[in-house]
Amino acid sequence: MRTTPLTTVRNLGILAHVDAGKTTLTERVLYATGTTHKRGEVHDGTTVTDYDPQERDRGITIFAAAVSCTWNEHRINLIDTPGHVDFADEVERSLRVLDGAVAVFDAVAGVEPQSESVWRQADRHGVPRIAFVNKMDRVGADLDAAVASLRDRLHVVPLVVQLPIGREDGFTGVVDLVRMRALLWSAAAGTSGSGAVSGSGSGAFEVAAVPDALREEALRRRRLLDERVAELHPAALEEYCATSTLSTSTLIAALRELTRGGEGVVVLCGSAYRNRAVEPLLDAVVDYLPSPADMPPVRGTALHGARAEGVEERVADPAAPFAALAFKVNATATGRLTCLRVYSGTMRKGETVLDATAGRTERIGRILRVQADRHAEVEQAVAGDIVAVVGLKSTRAGTTLCAPDAPLVLEPPTVAAPVVSVAVEAGTRADIGRLSSALARLVEEDPSLAVRTDPETGQTVLSGMGELHLEVAVEKIRLSHGLRVEVGRPRVAYRETVARGVSGLVYRHVKQDGGAGQFAHVVIDVAPLDGDDGDSVIRDGSGTGTGGSGGAGGFVFRSVVVGGRVPQEFVRAVEAGCRDALAEGPLGGHPVTGLRVTLTDGATHSKDSSEMAFRAAGRFALRAALRAATMELLEPVVEVVVTVPDEAVGGVLGDLAARRGRVAGSTTRTGSTSITAAVPLAELFGYASRLRSRSQGRGTFTSRPVGYAPVPATVYARGTSD
């Protein structure tokens with residue numbers, strides 16, 4: 001059924017903060033495995049995975065790209081993911097289909113804000129990880145400091161299996177603490193590109209005895225590694241108690257189990273740019289990260305017709321019923337390319353499969369092994385494969401494809417709510433239809449983008465995850481479709497919440513216009529939804545209860561009606577009506593969030609009461625309650641980390657204060673200072689150019705969303721007058 005056994009497949013992603021070296025590491029992996037014969041460079045725009053013109057122009061990864069390579073008779077399907085916060089949805093969709101990941105950290109900066117964010121994303125998906133501390137050749141590189149930041153900020157147990165040989169520019173190799181040997185790279189290996197292609201040590205690096213100057217330190221670190229592993233692994237503890245050490249085979253087996261169980265994180269180091277210590281990383285991927293056969297069976301909802309029949313599990317077996325999840329769609333003028341992870345069964349060229357999400361059939365045209373923007377055609381794909389398919393007409397990211405006689409719906413990746421919007425319009429009347437088509441194709445490819453028509457102005461509004469996200473989307477329309485697009489000023493996604501509620505609001509819905517009438521009588525209390533942390537920022541998704549509506553803080557509904565005065569089916573209708581009312585608040589028509597609604601009393605009519613009547617009553621009652629309550633406008637807040645030279649700190653702090661930023665702390669490294677602050681997203685538009693001018697082009701900043709906070713009354717008044 002397959003030429004590669006399932007146990008020799010690794011599906012992994014490269015995760016990191018922007019500019020930590022993910023794409024460079026991917027290039028070195030492709031070169032080391034013999035997949036490419038020339039190393040590409042990000043600064044030259046010659047990398048395999050950053051193939052989009054915008055990626056090459058900007059020097060960052062924007063779109064997740066999949067590649068395949070072979071190492072020591074193992075096939076590695078690798079996805080290079082973006083590191084910028086605006087493209088976190090690409091990371092989310094990739095993590096949904098991966099079995100493992102390599103998290104890349106800067107040896108100088110350690111754990112950075114987006115490193116922390118992608119780590120938490122991987123935690124939610126239960127993806128086993130190993131860590132690679134990159135840029136060991138940089139001035140200020142410190143493996144121990146980077147490992148300490150992993151322990152302190154990510155709250156993990158780091159299991160360091162290497163000791164660097166040389167510091168900064170003198171970094172020439174590593175001591176392998178597991179096998180107690182030295183791996184040395186020549187200066188030519190880092191510059192000429194004539195290295196080896198396997199872990200056997202031929203050509204790219206030399207295997208030698210541990211240098212005398214490092215032997216004592218290497219033995220000390222090996223003892224610490226043995227002790228830490230023995231504390232975490234019962235079988236290793238038994239051997240350690242008997243012999244006071246661990247054999248190589250026991251240590252490797254224990255590290256594998258600890259990695260796959262998430263109890264420890266194996267840490268390696270190297271320099272991807274100089275092509276040093278990439279081969280040991282590939283060996284670690286094979287030794288420690290799981291194959292599809294090691295992962296638990298995928299769980300989904302079995303279908304009988306259009307009805308859910310409960311949870312069903314599918315094992316990663318080519319002979320099992322077919323099930324796959326689409327996680328990425330590239331919509332081009334010549335057709336659609338859909339990337340799939342096959343979880344069970346076999347998919348063959350020309351077969352008909354069921355789109356279980358939409359309930360329609362699709363025909364498999366061609367099956368392609370993906371190499372970023374290049375592809376090799378194959379006849380079939382089996383459990384464990386990540387491939388691309390040509391010929392699917394309507395499959396979207398998150399869609400389940402399965403065997404028609406064994407329908408199953410897998411859990412799709414979550415999509416974050418957009419936080420920034422811009423108005424877009426075609427430059428000429430003749431291009432209006434083409435712009436609509438281009439926007440529809442954009443949303444097909446990227447579910448985190450949303451397009452709507454403003455009912456008041458009639459403008460087309462494009463919403464996304466950040467300023468850069470929207471800038472890239474608009475530029476893609478211009479480049480791919482040759483359209484001239486006019487873009488309005490960015491706007492943020494405000495929310496409204498209840499600052500002080502109301503009690504005992506009575507609403508009676510009576511409608512009689514011939515025939516059966518409508519009658520519903522409800523009494524509700526509305527109150528703010530209590531926060532958990534007591535600070536002024538409402539964290540994303542912090543609400544609890546029957547459901548979340550509108551994003552931050554959520555919505556909770558409950559009924560305390562006694563004596564059957566409102567039947568249960570009408571209670572559910574009241575809740576549905578309240579959810580309808582959350583779509584627009586009284587302050588500015590923004591979604592309402594962060595409130596608790598309690599149904600305290602009500603009355604029915606023997607003939608005229610219905611679910612429709614009580615849903616209408618719930619909707620109008622909550623609208624009246626919100627008008628009577630004290631409401632508060634919320635705005636999205638982001639955590640910003642600004643890194644500037646020491647002499648520019650004063651000006652940057654003043655500028656952050658002018659943008660209503662609240663400084664949380666700062667850290668000083670040699671010659672530079674990193675400032676962490678919470679800043680309203682609306683105040684960050686255009687900040688990049690302001691920061692460059694204040695720091696003479698040497699300042700950088702990163703941001704990540706942290707929730708919503710109240711808008712000061714003076715700011716709201718100024719915004720409405722504009």
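Student: Let's start with Phe-614 in this model. Is Phe-614 buried or exposed?
Tutor: Keep in mind that we're looking at a predicted model. The cut-off for buried is under 20% relative accessible area. Phe-614 comes out at 0%, so the call is easy: buried.

Student: Okay, on to the rings. How many aromatic pairs does the structure hold?
Tutor: A ring pair is described by two numbers, the distance of the centres and the angle of the planes. Pairing needs centres within 6.5 Å. With that rule, the number of aromatic pairs in the structure is five.

Student: Take Tyr-507 and Phe-620. Is that pair stacked, tilted or edge-to-face?
Tutor: The two ring centres are 6.1 Å apart, and the planes make an angle of 35°. Stacked needs under 30 degrees and edge-to-face needs over 60. An angle of 35° fits neither, so the pair of Tyr-507 and Phe-620 is tilted.

Student: How many residues apart in sequence are the parts that this pair ties together?
Tutor: Tyr-507 belongs to strand E31, residues 502–511. Phe-620 belongs to helix H13, residues 611–628. So the pair ties a strand to a helix, and the separation of those parts in sequence is 113 residues.

Student: And how accessible are the partners? Which class does Phe-620 fall in?
Tutor: Tyr-507 has a relative accessible area of 24%, which makes it partly exposed. For Phe-620 the value is 29%. Buried would need under 20% and exposed over 50%, so Phe-620 is partly exposed.

Student: What about Phe-570 and Phe-614: stacked or tilted?
Tutor: Their centres lie 4.7 Å apart and their planes are 15° apart. Anything under 30 degrees goes in the stacked class. So Phe-570 and Phe-614 are stacked.

Student: Which helix does Phe-570 sit in?
Tutor: Phe-570 is buried, at 11% relative accessible area. Its partner Phe-614 is in helix H13, and the pair ties together parts that are 44 residues apart in sequence. The element on the Phe-570 side, residues 568–581, is helix H12.

Student: Any charges over rings? Which residue's ring has the charged end of Arg-619 over it?
Tutor: One case is Arg-341, with its charged end over the ring of Tyr-343 at 4.7 Å from the centre. For Arg-619, the distance to the ring centre is 5.0 Å. That ring belongs to Phe-620.

Student: Helix H3 next. Why is it described as largely enclosed, and how many of its residues are buried?
Tutor: H3 covers residues 88–95, which makes eight residues. The buried ones include the charged-type names Asp-89, Glu-90, Glu-92 and Arg-93, along with Val-91, Ser-94 and Leu-95. H3 is largely enclosed by the rest of the structure because the buried count is seven of the eight.

Student: How many disulfides turn up in the whole structure?
Tutor: Two cysteines to look at are Cys-69, buried at 4% relative accessibility, and Cys-339, buried at 8%. A disulfide would need sulfur atoms within 2.5 Å. Over the whole structure, the search gives zero.

Student: Now Asp-106. Which side chain makes a 2.8 Å polar contact with its side chain?
Tutor: Asp-106 is in strand E4, residues 100–106, and is buried at 5% relative accessible area. Its side chain also reaches the backbone nitrogen of Val-108 at 2.7 Å. Among the residues it touches are Ala-20, Glu-112 and Asn-134. The side-chain partner at 2.8 Å is Arg-138.

Student: Last topic, salt bridges. How far apart are the closest N and O atoms of Asp-385 and Arg-369?
Tutor: Asp-385 is buried at 3% relative accessible area, and Arg-369 is buried at 18%. The cut-off for a salt bridge is 4 Å between nitrogen and oxygen. The pair falls within that, at 3.7 Å.

Student: And for Arg-690, which residue is the salt-bridge partner?
Tutor: The closest N and O atoms of this bridge are 3.3 Å apart. Arg-690 is partly exposed at 37%, while the partner is buried at 4%. That partner is Asp-655.

Definitions and conventions. Residues are numbered from 1 along each chain as its sequence is written. This is a predicted model: local features need pLDDT of at least 70, side-chain atom pairs count only at pLDDT 80 or more; totals for chains, interfaces and linings use all residues. Side-chain values use heavy atoms; hydrogens and water are left out. Rings of Phe, Tyr and Trp (its six-membered ring) pair if their centres lie within 6.5 Å; planes under 30 degrees apart count as stacked, over 60 as edge-to-face and the rest as tilted. Helices (H or I, at least four residues) and strands (E, at least two) are DSSP runs, numbered from the N terminus. Buried means under 20% relative accessible area, exposed over 50%, partly exposed in between (1.4 Å probe, protein chains only). A charge sits over a ring if NZ of Lys or CZ of Arg is within 6 Å of the ring centre and within 35 degrees of the ring normal. A polar contact is a pair of N or O atoms within 3.5 Å; within protein, one must be able to donate a hydrogen and the other to accept it, and residues adjacent in sequence count only if both atoms are side-chain atoms. Contact means heavy atoms within 4.5 Å. A salt bridge is a side-chain nitrogen of Lys or Arg within 4 Å of a carboxyl oxygen of Asp or Glu. Lists of a residue's contacts leave out its neighbours within four places in sequence.
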